[in-house]
Amino acid sequence: MSKTLLQAATALSTLLAACAHEPIQLHNELSWDASSLQQTSSCNFSVAGVSNLGLATDQMGTIGGSPVLASDVASWVHSAFEQIHGYSPQAQGLSLDVEIVRAYLHSLSISKSANVVVRVNYSRSAQVLASRIYRGADTSMNWANGDFEMQNAFNRALKDMAQQVATDLGQFCPGAPSL
């Protein structure tokens, strides 16, 4: 009886190992550049910092049973801000302090959704002008649960978020109407 039980346990562990999914690893590399963003103003700004409030680990969700992992999401988000026209690390005046509230991917039946939610605090001369929350999102067909596919989905979500910030940026430029 114990030999049969041992064989059953071995067979079960083999089946479970076969069902294990390899992690999907994302890399903090953008697949778009500044020329693809539409902007109405050219206000110079810097990013004071990007803090990660929403991710305690590098896991950004699960797609098709596979964990989605990303290292250094804060630098990935920072690189999206670097693509906005007017960005300069040494810019004086307008400064953006960015907080990542959430960054995740998840499956929805045969589609996937990539999301990044950030809070941007706009300030000038240490005076906070406004705080805004932006949600960049991409929902698209989930073809094969591949790394490249998930990488592109998150990049499109970052671009969506950056476009929203680029659109609002002009409100905080010198000479802009008061808020």
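Before you click on anything, one definition: buried means under 20% relative accessible area, exposed over 50% and partly exposed in between, using a 1.4 Å probe and protein chains only. This is a predicted model, where local features need pLDDT of at least 70 and side-chain atom pairs count only at pLDDT 80 or more, while totals for chains, interfaces and linings use all residues. Residues are numbered from 1 along each chain as its sequence is written, and side-chain values use heavy atoms, with hydrogens and water left out.

**The whole chain**

Start with a cartoon view. You should find three helices and seven strands, where helices (H or I, at least four residues) and strands (E, at least two) are DSSP runs numbered from the N terminus. Along the sequence the order reads α-β-β-β-β-α-β-β-β-α. Of the 179 residues, 42% are buried. Now think about contacts, meaning heavy atoms within 4.5 Å: among those between residues at least 6 apart in sequence, 73% join residues at least 24 apart.

**Into helix α2**

Select Asp-72 next, in the loop between β4 (66-70) and α2. Its phi is near 55°, a positive value in a residue other than glycine. For background, most residues other than glycine have a negative phi. Asp-72 is partly exposed, at 48% relative accessible area.

Step on into α2 itself, residues 73-82. Eight of its 10 residues are buried, so the helix is largely enclosed by the rest of the structure. Colour them if you like: Val-73, Ala-74, Trp-76, Val-77, His-78, Ser-79, Ala-80 and Phe-81.

Stop at Ser-79, which counts as buried at 15% relative accessibility. Its side chain reaches the backbone oxygen of Trp-76 at 2.6 Å.

**Where α2 meets α3**

Add helix α3 (residues 147-169) to the selection; the two helices pack at an angle of about 50°, with their axes 9 Å apart. Here axes are lines fitted to C-alpha atoms, for helices over the stretch in contact, and angles run from 0 to 180 degrees between N-to-C directions. That makes α2 oblique to α3, since angles under 35 degrees count as roughly parallel, over 145 as roughly antiparallel, 65 to 115 as roughly perpendicular and the rest as oblique.

Show side chains: from α2, Trp-76, Val-77, Ala-80 and Phe-81 meet Gln-151, Phe-154, Asn-155, Leu-158, Met-161, Ala-162 and Val-165 of α3.

**A buried lysine**

Jump to Lys-112 in strand β6 (residues 111-124). Is this lysine buried or exposed? Lys-112 is buried, with a relative accessible area of just 2%. Its side chain makes a polar contact with the side chain of Glu-149 at 3.3 Å. Such a contact is a pair of N or O atoms within 3.5 Å; within protein, one must be able to donate a hydrogen and the other to accept it, and residues adjacent in sequence count only if both atoms are side-chain atoms. Leaving aside neighbours within four places in sequence, the residues touching Lys-112 include Ile-63, His-106, Asp-138, Met-141, Met-150 and Ala-153.

**Over to β7**

Follow the chain to Ser-125, in the loop between β6 and β7. Ser-125 has a positive phi of about 50° although it is not a glycine, and it is exposed, with a relative accessible area of 68%.

Last stop: Ala-130, in strand β7 (residues 127-141). Ala-130 is buried at 15% relative accessible area. Draw a C-alpha to C-alpha distance to Leu-96: the two are 34 residues apart in sequence and 10.0 Å apart in space.
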